[in-house]
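Reader: I would like a close look at one part of this model, with the cut-offs behind each term. Which part would you choose, and what surrounds it?

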Amino acid sequence: MVRMICCGIALCLVLGPALGQRRAVREVTQEQPDSRTVLGVANEYLAAGAEAILAKQYDDGIRLTKIGLERPASTHDRAAGFSNLCAAHAAKNEPEIAIGYCNESLALDDDNWRAYSNRAYAYYLKRDFDSADTDLDVALSINPNARQMPQIRGMMNERRLRGRVTMEEHL
């Protein structure tokens, strides 16, 4: 059950930033009402990286996102790209690497609740619950409706209690 919850949280952490990348799609409509041409995103590598991470192809997503970050992109897109790298490394159970990328994302956009959420999950993986709680509080202050934060907090509470619970059999 805990494994399913962890996988679900990891998917939420990856899904949020990945869907955030989709906002960059620009459509151009010609004169005819039914003739629509999609020219693509400002940085196709960041978008492709987000899609790969969403599909749980973390290594491909990391590679594509890094290529995208080497190309011109808006500050918002760069912050989302670093947040996506954070989420992918957290999903791969590489919390130290993930935290570094979340820090880079937050240096660009300190209002990025997804980066705080991703970093909270990375801290959770390291069992640094105080830091995770702090990041969750900040993320919730930015976006109080984010679904994954209560799940992460519940996982942390469960792990904190795990060592303190004593089971006894009474016959």
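Author: Helices and strands here are DSSP runs, numbered from the N terminus: H or I over at least four residues for a helix, E over at least two for a strand. My choice is helix H6 (113-125).

Some ground rules come before the details. This is a predicted model, in which local features need pLDDT of at least 70 and side-chain atom pairs count only at pLDDT 80 or more, while totals for chains, interfaces and linings use all residues. Residues are numbered from 1 along each chain as its sequence is written, and side-chain values use heavy atoms, with hydrogens and water left out.

The setting is mainly a matter of order along the chain. The chain has eight helices and two strands. From the N terminus they run α-β-β-α-α-α-α-α-α-α. Confidence is given by pLDDT, the predictor's score for each residue, from 0 to 100. Its mean over the chain is 77, and 70% of the residues reach 70 or more. Among the elements, H5 has the highest mean, 96, and strand S1 (residues 25-29) the lowest, 33. Residues 17-40 stay under 50 throughout. So do residues 1-7, with six contacts (heavy atoms within 4.5 Å) beyond four places in sequence.

Now H6 itself. The expected span of a helix is 1.5 Å times one less than its number of residues. For the 13 residues of H6 this gives 18 Å, and the end C-alpha atoms are indeed 18 Å apart. Just after H6 comes Arg127, with a positive phi near 65°.

Next, burial. Buried means under 20% relative accessible area, exposed over 50%, and partly exposed in between (1.4 Å probe, protein chains only). Of the 13 residues of H6, 11 are buried, so the rest of the structure largely encloses this helix. The buried set runs from Trp113 to Tyr124 and includes Ser117, Asn118 and Arg119. In the whole chain of 171 residues, 42% count as buried.

Much of this ties into the largest nonpolar core. Such a core is a set of buried Ala, Val, Leu, Ile, Met, Phe, Trp, Tyr and Cys residues joined through side-chain atoms within 4.5 Å. This core has 32 residues, and Leu85, Tyr121, Tyr124, Leu136, Met149 and Met156 touch the most other members. Helices H2, H3, H4, H5, H6, H7 and H8 each give two or more residues to the core. H6 provides the largest share, eight residues. In soluble globular proteins, nonpolar side chains tend to be buried together.

Two of those core residues, Tyr121 and Tyr124, also pair through their rings. Rings of Phe, Tyr and Trp (its six-membered ring) pair if their centres lie within 6.5 Å; planes under 30 degrees apart count as stacked, over 60 as edge-to-face, and the rest as tilted. The structure holds three such pairs. Tyr121 and Tyr124 are stacked, at 5.8 Å centre to centre with 25° between the planes. They sit three residues apart in H6, so about one helical turn separates them. An α-helix has 3.6 residues a turn, so residues three or four places apart point the same way. Tyr121 is buried at 5% relative accessible area. For Tyr124 the value is 2%, also buried. Tyr124 has another partner in Phe129: that pair is tilted, 6.2 Å centre to centre, 50° between the planes. Phe129 is buried too, at 14%. Ring pairs thus join Tyr121, Tyr124 and Phe129 into a cluster.

What else approaches H6? Leu136 is in contact with Ala120, one of the buried residues of H6. Beyond four places in sequence, Leu136 also contacts Met149, Ile152, Arg153 and Met156. Ala122, buried in H6, lies 7.5 Å from Glu96, C-alpha to C-alpha, although 26 residues separate them in sequence. Glu96 belongs to helix H5 and is exposed, with a relative accessible area of 51%.

H3 makes a useful comparison. Its 13 residues should span 18 Å, and its end C-alpha atoms are 18 Å apart. The buried residues of H3 are Tyr58, Gly61, Ile62, Leu64, Thr65, Gly68 and Leu69. Thr65 lies in H3 and is buried at 0% relative accessibility. Beyond four places in sequence, its contacts are Tyr45, Leu46, Gly49, Ala50, Ile53, Gly81 and Leu85. Leu85 is among the core residues that touch the most other members.
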